[in-house]
Every structure is written in structure tokens, then in C-alpha cells.
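Biologist: Before I plan anything around this model, could you show me how to read it, one feature at a time?

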Amino acid sequence: MTEATAARATGARLAAPALSRARLTWLLVVPLLVFLTVFFVIPVGLLFATSLNPQTIGQVTVTSDLTLDNYLRFFSRSNYLLATGRSVALGAIVAAVTLVVAYPMAFVIAKTAHPGRNTALLILVLAAMQLDMVIRLYGMMVILGDEGLVNQMLRGIGLIGAESSVQLMYNFLGVVLGLVQFALPFMILTLVGVIRGIDPSLEEAARSLGASRRRAFFRVTLPMSLPGILSGSLLVFALSISSYIVPALMGGFRVGVLPIHIFQQVAEGARFQFGATIAVILFLLSAGAVAIYLRVGARASGGRA
Amino acid sequence: MSFVEFRGVTKTFGRAPAVEQLDVGIAQGEFFSLLGPSGCGKSTTLRMLAGFIAPSTGSIHVQGRDITHLPPEKRDIGIVFQNYAIFPHMNVFDNIAFGLVERGEDAATIRRKVGAALEQVGLSGYDERFERELSGGQKQRVALARVLVIEPHILLLDEPLSALDKKMREEMKFWIKSIQHSIGITTIYVTHDQSEALTMSDRIAVMDRGRVLQIGSPVEIYEQPRSRFIAEFIGESNLLPGRLARADGTTGAVEVAGAQVPARLAQPGLSTGAEVAFLIRPEQIRLEPWSADEAPMLTGKVADETYQGALRRYRIDAAGQHLTVEVPNRPELAQLPPGADVQLYWRPESGLALA
């Protein structure tokens with residue numbers, strides 16, 4: 001055997017397990033691919049197709065008759081544009097409020113070195129996710145309703161009259177509160193990961209160079225957690241604008257965001273084609289946020305490597 | 001009074017003591033090394049001085065002032081970390097300017113001082129670079145410039161060379177030492193590398209399991225180690241089991257490998273008949289006599305030989321004991337094949353008896 005053939009034989013022997021490993025990787029991904037194709041790719045594809053069919057009340061099936069009429073209708077009616085604006089504003093406000101509430105908690109969790117205490121804090125955060133959203137929202141109603149705990153307290157201390165109440169839900173505020181509650185764990189977990197990834201010696205370096213604890217936070221820790229702040233906010237934005245149950249229950253259908261409009265078109269008017277159109281627009285908005293989220297995330301991890 | 005003083009400092013994490021009853025004084029302008037294996041308490045000691053952790057008991061003084069409870073930003077102590085801790089979101093200029101900004105210096109002063117610092121560390125023109133665009137050695141220069149620009153009282157170096165490759169390490173060793181010498185700043189250097197400590201330090205404190213075992217100049221630490229641990233940790237050593245045959249004051253003789261050899265006594269209290277370890281460094285042993293009337297200390301056989309370029313390392317079997325001998329690689333010195341009979345020579349004062 002010549003040297004070259006020997007080398008080739010060795011190369012083949014080395015390449016063989018690598019090839020089968022690649023094949024194995026593919027096999028492992030297959031269940032998810034099948035599931036996603038059947039229950040996500042095909043439905044979303046049908047949604048797109050439906051949105052391009054002419055509006056026919058009661059018609060569910062997709063036809064080959066294609067038109068942009070539904071989109072023209074959406075963009076020519078001010079109430080749909082307003083609803084889009086309302087959804088975006090809602091997403092932005094929820095992201096901002098969630099960030100302000102989540103950051104201190106995430107900071108504490110990330111800086112808690114004691115493993116037991118750390119786990120306890122994380123369980124506290126995750127406990128909120130253990131209950132179904134509907135049940136959690138009914139819980140919030142007990143607190144925020146006209147006869148709820150908050151209003152009773154305000155009456156009790158005489159801040160408002162015995163007959164009056166402060167409107168805390170069935171309005172924009174209620175939806176924001178519900179969504180913040182829903183989004184907090186996602187934001188906290190994102191931030192904990194990023195803050196924990198900041199090398200503690202950076203803060204120590206800042207301290208010994210003369211920065212107080214507060215100054216070190218604002219000059220080092222906070223700017224270094226910006227990738228987490230951005231990605232967490234975009235994630236919460238995407239979750240918020242696509243939520244239906246929270247605006248439905250906490251807004252009582254009075255806060256007309258896009259998911260509410262979709263529901264009304266489909267469930268109340270049987271206008272599947274126009275409902276699909278709004279759904280596509282909402283999908284693109286939220287996909288846009290996720291796309292930015294992924295790019296920011298990639299840049300953040302690329303910058304660190 | 002020393003410039004820096006640890007008085008009875010103990011630090012306990014949970015139940016385990018990391019540093020126990022530390023009493024160390026460091027003189028102004030001194031290059032002082034804390035040397036020991038990982039987990040010996042050297043980094044804890046440094047971090048207590050920097051103010052990142054508080055001692056459990058005891059106090060730390062700088063220029064006579066108790067700084068035990070002073071926060072790090074009020075201590076005026078600069079520290080260079082093992083990983084350099086360059087702020088990745090700032091360029092080199094802003095990194096070096098960090099401490100000056102905290103001190104409220106005006107923009108013109110900051111520009112001038114940062115420029116001078118960059119020049120001092122040989123990185124002029126690197127202002128705009130970010131951490132990810134710097135090599136290991138350059139990061140270290142930036143870390144040092146960032147500290148020196150605020151003109152601290154004390155410079156702390158936490159294993160600053162361990163992340164560099166061997167060639168770079170040698171270069172930086174002399175560079176750091178020369179900068180330290182030219183500024184005259186009191187420097188405390190933490191390392192687990194005995195050769196770094198030996199070449200750079202004025203004095204070394206050897207630590208193990210939270211305690212300081214010996215403090216002395218590099219020569220003292222190497223030539224008069226106080227314990228077997230130090231003898232083994234610093235440099236190469238042959239430690240042979242023996243029995244003290246004679247002891248008078250600071251010298252005596254040890255029975256080792258079937259012979260009686262002269263030895264200095266590491267501890268004054270050693271008495272005749274005591275079990276000791278006999279220390280002889282590999283480079284102290286010769287395989288040829290200097291003069292015709294020089295009597296060999298031990299005799300044995302060559303077990304094997306390793307070629308190391310600048311020297312040849314022999315493993316010698318002497319009455320069941322193994323010794324390592326390092327011989328300079330020179331043509332006039334005999335090369336011995338395995339199995340050859342050899343005689344081992346050294347100066348009487350080279351041997352040391354350790355309790």
C-alpha cells in the first residue's frame with residue numbers, strides 16, 4: 001500500500017463516524033420538523049393563502065382565486081391602522097414596564113451566589129408560570145375589579161368615596177398589568193442569563209479604579225447588560241402584541257388590539273379571509289421583533305467571543 | 001512600621017478557613033510575592049487588601065491607617081487581574097481614562113495622562129481599539145496602564161502572566177519588573193509559579209493551606225527552605241530520607257543512602273538521631289570531582305538519562321534512593337550511559353537537613 005492510499009484509508013476511517021454523526025443529528029431533529037410542519041408551517045401557509053382569497057362570509061376552504069383586496073381594505077380603514085398602532089404601543093409599554101420591574105429582581109438572582117437561595121428565587125419567578133394564564137387572570141380580576149381588593153382598600157382609607165371606584169381593568173391599564181404579569185418570567189430569565197455572564201472582575205476593576213458601587217453599576221454592569229435588555233424587551237414585545245387572552249379578559253374586549261379584531265372577524269362575523277389578513281399582519285409584526293431579537297442576540301454573543 | 005501590614009488576619013468561607021492568622025508586613029517600594037499552590041489563600045489575601053472581601057478577624061493597615069473597612073474605591077490600590085478585566089464595551093482610551101473620569105479630571109488632563117500612559121506601556125496609537133482586537137500581551141499592557149494612570153499607592157498583580165504563552169511570559173516578566181522599578185511602586189504579586197516569584201521579587205511569602213510558611217528573599221527561600229513543602233514547591237529538589245548523625249549548632253551530618261554526608265540544619269533545634277529529609281538540589285550535584293583529592297558524597301548507578309538541550313538530566317540510583325542530577329550540556333563533561341557507575345560530588349554547604 002502506498003503512502004497516499006494509506007492516508008486516504010485513514011481519512012476515510014476518520015470521516016466515517018463524522019458522517020454518521022451528522023446523519024444522527026438529522027434523525028434527532030425529525031420529530032420536531034414533522035410536528036412543526038404539520039401544526040405550524042402548513043397552518044400558517046394556509047393562513048397566508050386564505051388572506052389572499054376574496055372575502056366570502058362563511059367560506060373556510062382555500063381557493064385559487066387570488067386578490068389583495070383584504071390588505072387594501074385593512075390599510076384603508078383607520079380603525080385597523082389604529083388597532084395596529086394600539087398593539088405596537090401596548091407591546092412597547094409592556095416591554096418597558098416589565099423591564100423596570102424585572103431588572104432589579106434579575107440582578108439580585110444573578111448576584112446571589114448561594115446555590116440554595118438562588119434556586120429559591122428562581123422557583124419564585126417560575127412559580128408564576130406554573131398556572132394557566134386564564135386562572136392567573138381571574139386571580140388578578142379579584143384584585144383589580146371595581147369591587148376588588150385595591151378599590152376596597154382605597155375606599156377604606158378614604159382616598160375615594162364609598163360609592164365610587166377606580167377603573168383598574170377593562171381598559172388599557174388592565175391589559176398592561178395582565179401582560180406585565182405574564183411577561184415577567186421571560187424578561188427575568190433573559191436578564192439573569194446576561195447579567196450572570198458579566199465577568200465579576202469587571203465590576204471589581206471599576207471599584208478599585210475609584211467607582212462607587214452605584215457608579216460601577218451605571219458605567220459597567222448596566223451597559224454590559226444592554227444585549228439582554230434589548231433581547232428581553234423584543235421577546236416581551238412579540239409575546240404582548242400576539243396575546244389574545246389577556247386583552248380579552250383584562251380588557252373586556254374594550255381594548256381593540258389586533259388579536260381582538262381577528263377574533264371578532266372570525267368568531268363573530270365568520271369572515272375568515274379578512275381575519276386571516278389581520279393575523280398575517282400581526283404575524284409579520286411579531287416575526288419582525290423576533291428577527292431583531294435574534295440578530296441582537298447573535299451580535300451580543302459574537303461580541304463576547 | 002511597614003507600609004502595608006496584615007495583623008492577625010483570618011478569612012473563613014463557611015467553615016473552611018481560607019487564610020489563617022496572617023501577619024505580614026510589606027515595605028514601601030517593595031516587590032512582594034505571595035507564592036503557593038491554588039487554594040493556598042494567596043488570592044484571598046490579595047482580595048482582602050483590594051477591599052473586595054472583608055477579613056473575618058484581624059485588620060489591614062496601609063501607612064499606619066486601618067483600611068479594613070474601607071470600600072475598594074477609597075483605597076487607592078490598583079489591581080491587574082488574571083484575565084485583565086478590560087471593559088469590553090469601551091475602547092482602550094476609555095478603559096485607561098476610567099479612573100481619571102471617576103476622579104473628576106477635566107478632558108484635557110485625561111487626554112494628556114492617557115496619552116502618557118499609553119506611551120509608557122508602548123501602545124501609542126491603540127486608543128480606538130477594543131478588547132477583542134488586542135492580543136494577550138496588549139491586554140495586559142492596557143490593564144497595567146489603566147491602573148498606573150491613577151498613580152495608586154499600591155499595585156496588586158493577580159497571576160498576571162498565567163494567561164500568556166511562554167515566550168510572552170518571559171518578556172512581560174522583565175517588563176513588569178522594570179516598570180515597577182522605575183516608578184518605585186509598592187507591588188504585591190500573586191503567583192503559583194515559583195520561577196516568576198524567584199526572578200521578580202524582593203521578598204516572597206510562601207503560602208500553603210491559608211498559612212504563611214516562610215517569608216524571605218528569593219535566595220533565602222531557595223537555599224534555606226524551612227520545610228519539605230517549601231523545598232519541593234520551589235525549584236527541583238532531591239529529598240532523601242535520612243537520620244541526623246551529628247548536630248552542632250547550624251551544621252551537622254546526615255546518614256543518607258548508606259553514607260554520611262555533611263549538611264546545614266534548617267532548624268536549630270534538631271538533635272542527633274532525628275529523622276530528617278536531606279535536600280540536595282539537582283544542579284548542585286556534579287558527576288566529576290573538581291580536584292583529585294575531592295571525595296565523593298555518594299556513589300550509585302545511572303538509571304536513565306534525558307536530553308534537555310541546555311542540560312542532561314540523569315536519574316541516579318544510590319543504595320535504593322533515586323536522585324536527579326542536572327549536568328550542563330558541555331562537551332568536556334562526560335556522558336554516561338545507563339548502568340554506568342557514578343560518583344556524586346557537591347559542596348558540603350549545598351546539603352540541607354529538614355525536620
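Modeller: Let us start with how the chain folds back on itself: in this predicted model, residues 24 or more positions apart account for 73% of the contacts in chain A that have a separation of 6 or more.

Biologist: Which elements make up chain A, and in what order do they run?

Modeller: Chain A has 13 helices and zero strands, so from the N terminus on the order is α-α-α-α-α-α-α-α-α-α-α-α-α, and the radius of gyration of 26 Å, well over the 19 Å that the globule rule gives for 305 residues, means that the chain is more spread out than a compact globule. Along its principal axes the C-alpha trace of chain A spans about 95 × 70 × 35 Å, and 33% of the 305 residues count as buried.

Biologist: Where is the pLDDT of chain A lowest and highest among its elements?

Modeller: The mean for chain A is 87, with 91% of the residues at 70 or more; among the elements, helix α1 (residues 3-51) of chain A has the lowest mean, 76, and α8(A) the highest, 96. Residues 1-7 of chain A stay under 50 and have one contact beyond four places in sequence, while residues 9-14 of chain A are also below 50, with zero contacts beyond near neighbours in sequence.

Biologist: How many residues does each chain bring to the contact between chain A and chain B?

Modeller: Chain A brings 16 residues and chain B 18 residues. On the side of chain A, the elements giving two or more residues are α8 (200-208) and α9 (213-224) of chain A, and α8(A) gives the most, with seven residues. That side of chain A divides into eight nonpolar, four polar and four charged residues.

Technical notes: Residues numbered from 1 in each chain as written. Chains lettered and ligands numbered in written order. Predicted model: local features only at pLDDT ≥ 70, side-chain atom pairs only at ≥ 80, totals over all residues. Contact = placed C-beta atoms within 7 Å. Helix = DSSP H or I, 4+ residues; strand = E, 2+ residues; numbered from the N terminus. Nonpolar A, V, L, I, M, F, W, Y, C, P; charged D, E, K, R; others polar. pLDDT = per-residue confidence, 0-100. Rg over C-alpha atoms; globule rule 2.2 N^0.38 Å. Buried ≥ 20, exposed ≤ 12 C-beta atoms within 10 Å, placed from the backbone.
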